[in-house]
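Here are my notes on the model you sent over. Have the structure open while you read, and go through the points in order.

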Amino acid sequence: MKIFSTSQIKQLDQYTIEHEPISSIDLMERATDKLFHQFIGRYSQLQPVCIIAGQGNNGGDALALGRKLLHAGYTASVVLINPTTLSPDCETNKQRLLDEFPTALNILQQQFVAPAISDDTVIIDGLFGSGLSRPLTGIFAETVHWINQTGCEVVAIDIPSGLQGEENSTDNKLPIVKATITYTLQFPKLAFLLPENADFVGKWEIIDIGIHPKAIEQTTSDYSYLVEEDIRNQIKKRSKFSHKGSFGHALIIAGNNGMAGASVLTAKAALRSGAGLVTVFGPECNRIIVQTAIPEAIFKTTLTATVNYNAIAIGPGIGTQAESAEILKDILSQINKSCILDADALNIISQQNDLLKLVPEGSIITPHPKEFDRLFGISDSTCQRISKAQENAKKYKIYIILKGAHSLIATPSGRLIFNSTGNPGMSTAGSGDVLTGILAGLLAQGYSTEETATTSVFLHGRAGDIALERESEESLIASDIIGCLGKAYKSLKE
Ligand SMILES: NC(=O)C1=CN([C@@H]2O[C@H](COP(=O)(O)OP(=O)(O)OC[C@H]3O[C@@H](n4cnc5c(N)ncnc54)[C@H](O)[C@@H]3O)[C@@H](O)[C@H]2O)[C@H](O)CC1
Ligand SMILES: [K+]
């Protein structure tokens, strides 16, 4: 699913109006019908509602939603913050509300006056949406401060008011609505995927308002959101006549003294994701541990003929000592096909930056933000880190998987793909090793590097989400993710 900037969304909106064709007021009516249905699915008529509308089309949406809720029998009051002029569609919806429910509307022009609410009131935030161009001040800022101190549930229309759709200032004192849930129109906004905005956006759901499909298809964007339908068709079907040789041989270089668990988790994940054969390379002291924990894997302490492997993953738990650095250097100088680099392999590279040039084109590296900063320099904001990921993925022609709540895949062609699966329970020891194992498993099976990166990240998160059905966010451990890989695959075949 593409992610567009707010200015692109404005153009898509216009294209829909001209080519569907539909008048802009009817598009607003259609959008608010969808919002209304989403809202009544979550909140009953017993719940009092206070609607805050602004002067633009976000305010128009709020006024129309208020009218629909009053029609449906909700106890709703509407406050219109109107110091200057209303957009034409906002004006129309103000009139429609006044015509039908004249006493429900309170218009404030200069100073904010808090409406009467109760503890269980739901506030609908329709003050500003995608048209916001600068930080809120005056009566708008007062309104936001009031909303945030009520302690009530807040439903934001499109975007929490005060938040920009893309990059936001790092000043955390700016007036921005803290929503419980954001019903966003048609497309997720980039800001929703950035960790610093989590407190404002709350949960978010996409409301399909019927933007013209041709406009969506024709408009390009570097950004996208990886959803199930992107992955389903990528899963390879297995032939009835296949044998273990059909699914490739993965080499996992992982685990030092005391870190055998890293090799176990990585190798197990590679096997569970479908590799035909898995060989673990590690020190002699790990032999019994690895062979006991995964009898299906081969264990080696010497490295020969790396050409025989369909996928090589290197890094989990290898440490950054000279011996490991030598092995990494050897491997990188020897191989000429894409490999997977994680954890200590990345830490070694950040100490010897010239090694980055040896990483074969099309390789996949999987840093978390700290490892990323060690590799490419410290970033002041998530947006800056994202730009650096894009720049370096292009420069070195590699896939960079920047791990996080919405792991980001930066591709050699400059695309930025955010993952949609996963949960906070997956922030646990060994979770990254599991991802590396899945990547190795898929690459070994002949998935292209791009398919490997996207499918692995999606499957890893999906398995984590399935694991959460039995575990809590606190109790979930990396082995649970591996244990749910089967169900994750099945969920994509149902
Ligand atoms: N395709 C869609 O997604 C649809 C979206 N709809 C809704 O329309 C808004 C966007 O409406 P717009 O009128 O462009 O912007 P806002 O309502 O967010 O803002 C109004 C107006 O305010 C001015 N402004 C900007 N920043 C400030 C500020 N800090 N202080 C004061 N005034 C400010 C600026 O001139 C803006 O234009 C979208 O979010 C959806 O809710 C449609 O209803 C359906 C189609
Ligand atoms: K809003």
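1. A definition before anything else, since the strand points rest on it: two strands count as paired if DSSP finds at least two bridges between them. Strands 13 and 14 are a good case, as two bridges join residues 340-341 of strand 13 to residues 364-365 of strand 14, with the two strands running parallel. Within that pair, I340 has I364 as its bridge partner. Keep in mind throughout that this is a predicted model.

2. Now the overall layout. The protein chain splits into domain 1, residues 6-213, and domain 2, residues 231-491. Their C-alpha centres are 42 Å apart. Across the boundary, six residues of domain 1 make contact with seven residues of domain 2.

3. Have a look at the sheet that holds strands 13 and 14. This is an open sheet of 10 strands, and its order reads 8-17-16-15-14-13-12-9-10-11, with mixed pairing. At the edges sit strand 8 (223-226) and strand 11 (298-300), each of which pairs on one side only. Helix 15, residues 431-444, lies across strand 9 (249-253), strand 12 (311-314), strand 13 and strand 14. Relative to strand 12, helix 15 runs at about 165 degrees.

4. The other sheet to check is an open one of seven strands, in the order 3-2-1-4-5-6-7, and its pairing is parallel. Strand 3 (105-108) and strand 7 (203-207) are the edge strands, with a partner on one side only. On average, neighbouring strands here are turned by 20 degrees against each other, direction ignored. Helix 5 (residues 138-149) packs on this sheet and touches strand 1 (49-53), strand 2 (76-81), strand 3, strand 4 (122-126) and strand 5. The direction of helix 5 makes about 150 degrees with that of strand 2.

5. Staying with the seven-strand sheet, zoom in on strands 5 and 6. Strand 5 (residues 153-157) pairs with strand 6 (residues 181-185) in the parallel sense, over three bridges. Opposite I157 you will find Y183 in strand 6.

6. Where does I159 sit? Its place is the loop between strand 5 and strand 6. Despite the loop setting, I159 counts as buried, because it has 30 C-beta neighbours inside 10 Å, and 20 are enough for that label. Leaving out neighbours within four places in sequence, I159 is in contact with G129, S130, G165, T182, T184 and K189. I159 and G131 are 28 residues apart in sequence, with 9.9 Å between their C-alpha atoms.

7. On to the nonpolar core. Which residues touch the most other members of the largest one? They are I51, I52, I124, A250, I252, A313 and A440, out of 144 residues in that core. Domain 1 and domain 2 both give residues to this core, so the core lies between them. Take I124 as an example to click on: not counting residues up to four places away in sequence, I124 touches V49, I51, I52, A62, L65, V155 and I157.

8. Ligand 1 deserves its own look. There are 29 residues around ligand 1, and G56, N57, N58, G129 and G131 come nearest. Helix 1 (6-19), helix 2 (24-42) and helix 3 (57-71) each supply at least two residues of the shell. Helix 3 gives the most, with five residues.

9. Finally, a few backbone spots I would look at on screen. The peptide bond from E20 to P21 is cis, with omega near -20 degrees, and P21 lies in the loop between helix 1 and helix 2. A305 is not a glycine, yet its phi is positive, at about 40 degrees. A305 belongs to the loop between strand 11 and strand 12 and is exposed, with 7 other C-beta atoms within 10 Å. K397, also a residue other than glycine, has a positive phi near 55 degrees. You will find K397 in the loop between helix 14 (382-396) and strand 15 (399-402). Is K397 buried, partly exposed or exposed? It is partly exposed, with 16 other C-beta atoms within 10 Å.

How values were computed. Residues numbered from 1 in each chain as written. Chains lettered and ligands numbered in written order. Predicted model: local features only at pLDDT ≥ 70, side-chain atom pairs only at ≥ 80, totals over all residues. Helix = DSSP H or I, 4+ residues; strand = E, 2+ residues; numbered from the N terminus. Contact = placed C-beta atoms within 7 Å. Axes fitted to C-alpha atoms, helices over the stretch in contact; angles between N-to-C directions. Core = buried A, V, L, I, M, F, W, Y, C linked by C-beta atoms within 7 Å. Buried ≥ 20, exposed ≤ 12 C-beta atoms within 10 Å, placed from the backbone. Domains from an automatic or database assignment. Near = placed C-beta within 6 Å.
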